[in-house]
Amino acid sequence: MDFAALIREIPDFPKPGIRFKDFSPLLANGAAFASAVAAMAAPWREAGLQAAAGIEARGFILGAAVARELGIGFVPLRKPGKLPGAVHEVSYALEYGQDRLQAQSDALPGGARVLIVDDVLATGGTLAAAAELVEGLGATLAGAAVLLELTALEGRARWRRESPLLATLRY
């Protein structure tokens, strides 16, 4: 199925000059959603993964679905104040300030092979922070999978790891 045809562009969202890639129509179509998740998961089937870590918020949707597709666990990487218990945290720079990601300190057993999943690779800061967070939990970073990569923003340059970063669609 051509699930890419269901991704629409919304001009000037969330601010003027931005051309937002909206994949909500893809999510609303069961066959397209299943096809997109299968495409994201396919390269990782033989990677010996124990978990997928999804980045809040839209990475939760895809990360949980990819985890289910691969028969592995799911770990949410959240904004501060959303998780109970002890957490591990990383701070990272955004073009307009700072942000933080957290995971429960006991979310992953030491050495677990983990795939980070997110919706879009744009400038790369959030994905790099997620990688640092996963590694800080004592897990082994197997790589990252994103549905969309916005190549003009050159976010891939911030992925300074040997593990692969795979994008299902590139714009």
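User: Before we start, what is a nonpolar core here?
Analyst: A nonpolar core is a set of buried Ala, Val, Leu, Ile, Met, Phe, Trp, Tyr and Cys residues joined through side-chain atoms within 4.5 Å. Please keep in mind that this is a predicted model.

User: OK, so which residues touch the most other members of the largest one?
Analyst: The largest nonpolar core has 27 residues, and those touching the most other members are L77, L101, V114, I116, L127 and V134.

User: And which element gives the most to this core?
Analyst: That is α4, with 6 residues, while the elements giving two or more residues also include β3 (51-55), β4 (73-77) and β8 (140-149).

User: What is L77 in contact with, leaving aside its neighbours within four places in sequence?
Analyst: Its contacts include A53, I55, F60, L101, A130, L133 and V134, and E56 and Q102 are also among them.

User: How many residues are in the second core?
Analyst: The second core, which is separate, has 26 residues, including I7, W44, L115 and V117.

User: Switching to the backbone, where are the cis peptide bonds?
Analyst: One joins F13 and P14, with omega about 5°, and P14 lies in the loop between β1 (8-11) and β2 (19-22). Another runs from E56 to A57, with omega near 0°, and A57 sits in the loop between β3 and α3 (58-70).

User: What about D12, what is its phi?
Analyst: Phi of D12 is near 60°, a positive value in a residue other than glycine, and D12 belongs to the loop between β1 and β2.

User: Is D12 buried or partly exposed?
Analyst: D12 is partly exposed, with a relative accessible area of 49%.

Key:
Residues are numbered from 1 along each chain as its sequence is written. This is a predicted model: local features need pLDDT of at least 70, side-chain atom pairs count only at pLDDT 80 or more; totals for chains, interfaces and linings use all residues. Side-chain values use heavy atoms; hydrogens and water are left out. Buried means under 20% relative accessible area, exposed over 50%, partly exposed in between (1.4 Å probe, protein chains only). Helices (H or I, at least four residues) and strands (E, at least two) are DSSP runs, numbered from the N terminus. Contact means heavy atoms within 4.5 Å.
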